[in-house]
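User: Could you take a close look at one part of this model for me, the salt bridges, and show me how they fit in with the rest of the chain? I'm in my first year, so plain words please.

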Amino acid sequence: MKRNEKSKEKITNEIIVSINNNDTKMYYKQVKYLLTQYLTCTISKILDLRELEKHIFYEGTIIENIINKYAKQNRNEKDIKEMFKKQNNILNLVSNNFLQSVIELIDIIYNLLNGVYIKSFKKELPDFEDFYEFDIEDMVFVNGILKELKKYKSSNINEKIIFYAINKAIKEYVYCIDNNIDYSKCFDRKDTYITINKINN
């Protein structure tokens, strides 16, 4: 029995197309996994640094109150001043690392939402519309993510919580833009609010 050459060619092309499609799906699946892991690690780091920042500030306040109560006359002693200086340096270091981690988060979110991979996250981000085009200035809505995650620690977050926070922040930000509402008014004084100008400087 002889096989038709055209039939052979058709089968071969179908196999090649099928392999290419499977390879593309596997590639996007792998990229989605890696992006999700990177996102989770970055947010975990932000939450840890925020917790550490609060702890250092709280401990510093306690020490200052004790000195003011029992040794106020010695407040200007060299060793006490040196202690406060070191503590302030540590707090500044943690704050700077926190800011750098937020910049990293902004970079991840910006590339995720404006790249070809956004299609892979349609299920996780149902309120993101295809016609959205976010500029880097729009990444101020990352503050909304931090606000939503303020009740969590790195030990009790997961991908579902993170994407819920991102989706909610996008929805809130777009609503403010569409209705000419000052987005910063959505935050309390106690909330972390970082402006893009501050990040760029």
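Analyst: Let's start with a word we'll need: a residue is called buried when its relative accessible area is under 20%, exposed when that area is over 50%, and partly exposed in between. By that yardstick, buried residues make up 33% of the 201 residues in the protein chain. Keep in mind that this is a predicted model.

Now the overall layout. The chain has five helices and zero strands, so to speak a plain α-α-α-α-α when you read along the sequence. Among the contacts with a separation of 6 or more, 76% are between residues 24 or more positions apart. The accessible surface comes to about 14,200 Å², and 52% of that belongs to carbon and sulfur atoms.

On to the part you asked about. Side chains of opposite charge can pair when their charged atoms come close. For a salt bridge, the cut-off is a side-chain nitrogen of Lys or Arg within 4 Å of a carboxyl oxygen of Asp or Glu. With that rule, the count is seven salt bridges.

Take K150 and D191 to begin with. Their closest N and O atoms are 2.7 Å apart, and the two form a salt bridge. K150 sits in the loop between α3 and α4, while D191 sits in the loop between α4 and α5 (196-200), so this pair ties together parts that are 41 residues apart in sequence. Is each partner buried or partly exposed? K150 has 45% relative accessibility, so it counts as partly exposed. D191 has a relative accessible area of 10%, so D191 is buried. There is also a small story about sharing: E148, K151 and K168 are joined into one network by salt bridges that have partners in common.

Next come K153 and E51, whose side chains meet in a salt bridge at 3.9 Å, N to O. This pair links distant parts of the chain: K153 is in the loop between α3 (142-148) and α4 (159-178), E51 is in helix α1 (residues 5-70), and the two are 102 residues apart. K153 is partly exposed, with a relative accessible area of 45%. E51 is partly exposed as well, at 36%.

A further pair is K147 and E172, with a salt bridge of 3.4 Å from N to O. Here helix α3 holds K147 and helix α4 holds E172, 25 residues apart, and the pair links distant parts of the chain. E172 has a relative accessible area of 26%, which means E172 is partly exposed.

Let's step over to helix α1 again, where you'll find T42. With 1% relative accessibility, T42 counts as buried. What is T42 in contact with, leaving aside its neighbours within four places in sequence? The residues are S101, E104, L105 and I108.

Finally, let's look at the spaces in the model. The largest pocket holds about 500 Å³ of space. Its lining has 19 residues, and R50, E53, F98, K190 and T192 lie nearest the centre of the pocket. Helices α1, α2 and α3 each supply at least two residues of that lining, with α1 giving the most, five residues. Sorted by class, the pocket lining has seven nonpolar, four polar and eight charged residues.

The cavity makes a nice contrast to read alongside. There is one cavity of 30 Å³ or more, and the largest cavity has a volume of about 40 Å³. Ten residues line the largest cavity, and the closest to its centre are V102, I106, V142, N143 and I194. Helices α2 (78-114), α3 and α5 each supply at least two residues of this lining. Which helix gives the most to the lining of the largest cavity? That's α3, with three residues. By class, the cavity lining divides into nine nonpolar, one polar and no charged residues.

To pull your salt bridges back together: K150 pairs with D191, K153 pairs with E51, and K147 pairs with E172. If you want to trace one of them in the picture, try K153 and E51, which are 102 residues apart.

Technical notes. Residues numbered from 1 in each chain as written. Predicted model: local features only at pLDDT ≥ 70, side-chain atom pairs only at ≥ 80, totals over all residues. Heavy atoms only, no water. Helix = DSSP H or I, 4+ residues; strand = E, 2+ residues; numbered from the N terminus. Buried < 20%, exposed > 50% of the residue type's maximum accessible area, 1.4 Å probe, protein only. 1 Å grid on protein atoms, 1.4 Å probe; cavity = no way out; pocket = protein on both sides within 12 Å on 5 of 7 lines; lining within 4 Å. Points joined across faces, edges and corners; volume = space filled by probe spheres on them. Nonpolar A, V, L, I, M, F, W, Y, C, P; charged D, E, K, R; others polar. Contact = heavy atoms within 4.5 Å. Areas by Shrake-Rupley, 256 points an atom, 1.4 Å probe, with all protein chains shown as cover.
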